[in-house]
Amino acid sequence: MMKTIVLKFSGPLQSWGIGSHFETRDTARYPTKSAVMGLIGGALGYRRDETEKLQGLNELSFGVRIEQRGTLLKDFHIAKSANQSYVTNRYYLQDAVFLAMISHKDSSWLDTVAKALVHPVFPLYMGRRSVPVDGEFFQGMVENDLLSAIKTHHWQASEWYQKRLLQKNKLDRVMLDAYVDAYLLEDSSPSMFQRDRVESFDLTNRKHGFRPVKSLQVEIQIAEISKDTEHDAFQGIGGV
């Protein structure tokens, strides 16, 4: 039986750079494979210059499902060089939620990865050190192949978001976009190529290769949602 690790990325901010250059630090609209493999490498205690070990993580199968898209936030920092001050633009996703799925035919290796993610050697963060993962990050390991897991795992969007989306459109189901390693989908749909295959994280020779990816849509039936999701700050401190 195949196993699949399920990770949840949520929080006020996250950022998944895919084409950052100099003063502009962008973000992809969902977690990239290279970023998640870097996170796993950190959990396992790999150093940036351990290129062969990091490249081995490309063998893990990867998929990501968009639970809650969030919105784009642009921030800027004033930096200073030896001769002048300058502005850097940094982009984040705010209020976004994603599920990332990791799998491999060698279940013992996957067990090692899962253990490291629960007890990481280095701190884990969502693209930037300023945005660490939260307490819901490790969702566990399911006994299912990656594609089946990504099609059946329950919707992880925030309750307020689910209520707003479903009641506004009078829906009892939702369609979620997902992106997986192309070899996982045995259909004739064309692949797109993303430059997020780990080649090197060495600070003096950082490189990424291209990876074929396919997209799919997942239909999720919705369980009943609580009618009362209004925020009550006084209830949290025992008030009336």
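**A predicted chain: surface, cores and two loop residues**

The accessible surface of the chain is about 13900 Å², and 50% of this belongs to carbon and sulfur atoms (Shrake-Rupley method, 1.4 Å probe; for residues, only the protein chains shown count as cover). This is a predicted model, in which local features need pLDDT of at least 70 and side-chain atom pairs count only at pLDDT 80 or more, while totals for chains, interfaces and linings use all residues. Residues are numbered from 1 along each chain as its sequence is written, and side-chain values use heavy atoms, with hydrogens and water left out.

Reader: How many helices and strands does the chain have?
Author: Helices (H or I, at least four residues) and strands (E, at least two) are DSSP runs, numbered from the N terminus. The chain has 6 helices and 9 strands.

Reader: What radius of gyration does the chain have?
Author: The radius is taken over C-alpha atoms, and the globule rule is 2.2 Å times the number of residues to the power 0.38. For 240 residues, a compact globule would come near 18 Å, and the chain agrees with this at 19 Å.

Reader: Which residues touch the most other members of the largest nonpolar core?
Author: A nonpolar core is a set of buried Ala, Val, Leu, Ile, Met, Phe, Trp, Tyr and Cys residues joined through side-chain atoms within 4.5 Å. The largest one has 36 residues, and elements that each supply at least two of them include strand E1 (4-14) and helix H3 (107-118). The residues with the most such neighbours are Leu7, Phe9, Met37, Ile40, Phe98, Ile102 and Leu117.

Reader: How many residues are in the second, separate core?
Author: Among its members are Met101, Ile150, Ala157 and Leu166. The count for this core is 20 residues.

Reader: Is Trp16 buried or exposed?
Author: Trp16 is found in the loop between E1 and strand E2 (24-25). Its contacts (heavy atoms within 4.5 Å), not counting residues up to four places away in sequence, include Phe9, Tyr30, Leu93 and Phe98. Buried means under 20% relative accessible area, exposed over 50%, partly exposed in between (1.4 Å probe, protein chains only). Trp16 has 0% relative accessibility, so Trp16 counts as buried.

Reader: Which residues is Gly70 in contact with, leaving aside its neighbours within four places in sequence?
Author: Gly70 lies in the loop between E3 and strand E4 (71-80). At 25% relative accessibility, Gly70 counts as partly exposed. The residues in contact with Gly70, beyond those neighbours within four places, are Gln94, Asp95 and Ala96.
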